[in-house]
Amino acid sequence: MAELDLSGFTILVVDDNNYMVSLLRQTLAGLGVGNIKTFNDAKDAIEFVKLVGENPVKAGAMQIDFIVSNWQMAPIDGLMFLRWIRTHKDSPNRFIPFLMVTGFGDKEKVEEARDLGVSEVLAKPFSVNSVADKVLQIIGTKRQFVQTATYFGPDRRRQNLPFAGDNRRILTDKDPQVKIIYE
Amino acid sequence: MNKPKITVRFYRIRNRLMEKAGGIGANMETSVFPRHVLQETEELFQEMISDYPDWVQETLNKLTALVEVCINFEDKRIVTYKQIQEIAHEMKGQGGTFGYPLVSTFGDSLYDFTGPNAGLSDSHVQIIKAHTDAMKATINGRIHGDGGQVGQELKAMLAQAIKQYT
């Protein structure tokens, strides 16, 4: 097995609770993350994300590898922050992985985050192992991004499983209404 | 003939993070965090969460003050419930993380009792107060895990308060 080394990573952590920020920072630092930028307010985090896009030298980070944000915050909560990252014209990287931390465990809430383009959801209460698992998912995923009139974000279908509802994915890669963008 | 309008775009962009973390050819199946890294982080984590009872006092004080507002100002109950519910939600998430699952249990129940359809009567406020008292007792008594007999007594006390005021 190869050992992961996150010393070259820059991660953004946002939570309005100082203690949780500290706990997440220490956990991620323990896992080897080299550069962790923390914010108590999503507004400040957004300003930083913009600064990294505009002037990485001034920001002290060439890029942000992924974002870890609490869901329930004020005045801008995690969902609004995620929406900004995925859809706002000023967002410098709409593809950036976004890990949402939340105590909301019910299916409806998780689906709400999924439909705004969240990459992974970390449920509270969390542990070192659950954080490590989510980080591994974030860095190891090969999901494509999907853009339609109503959605932009990672492919919400992680597996090709049979389901009871209507098949809404009727277009294939070969249909002229579908465009595939490769890097 | 006009070309059909593009309605779906698939972005198949390489995720370079795994390569950055594990080198060329690394993938999820063959890459792990070093065992010693996980162990050391766990030790650090346990050390940090031992400070939780001290740190959470501020939140408990805020919760107590909000309950006092509900007791003394009937017209402010709706707005204050919302603030209490937000704290209850946080406590629910924190409790388990920091080794106080009873706090999560009480926080979960408090969250439900301060929801949009929550009762606004004095009796209902007393139930809310009983929840906050149970959380404070759990934290201040350092009642870890299920709390054994003390934990059962706290749960019974809360259940009794709910029964009495409902």
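**View 1. Where chain A meets chain B.** Put together, chain A and chain B bury about 5,200 Å² between them, with carbon and sulfur atoms giving 62% of that area (buried area is the accessible area, 1.4 Å probe, that two parts lose on being put together, summed over both). On the chain A side, Leu4(A), Tyr19(A) and Glu183(A) lose the most area to chain B, together 14% of what that side buries. This is a predicted model, where local features need pLDDT of at least 70 and side-chain atom pairs count only at pLDDT 80 or more, while totals for chains, interfaces and linings use all residues. Residues are numbered from 1 along each chain as its sequence is written, chains are lettered from A in the order in which they are written, and side-chain values use heavy atoms, leaving out hydrogens and water.

**View 2. A salt bridge across the interface.** Here Lys20(B) pairs up with Asp65(A), their closest N and O atoms sitting 2.8 Å apart. A salt bridge means a side-chain nitrogen of Lys or Arg within 4 Å of a carboxyl oxygen of Asp or Glu, and chain A and chain B have three between them.

**View 3. A look at His124(B).** You'll find His124(B) in helix α7 (residues 122–140) of chain B (helices are DSSP runs of H or I, at least four residues, numbered from the N terminus). His124(B) is buried, at 12% relative accessible area (buried means under 20%, with a 1.4 Å probe and protein chains only). Skipping neighbours within four places in sequence, His124(B) touches Tyr81(B), Phe113(B), Ala118(B) and Gly119(B), contact meaning heavy atoms within 4.5 Å.

Key. Helices (H or I, at least four residues) and strands (E, at least two) are DSSP runs, numbered from the N terminus. Buried means under 20% relative accessible area, exposed over 50%, partly exposed in between (1.4 Å probe, protein chains only).
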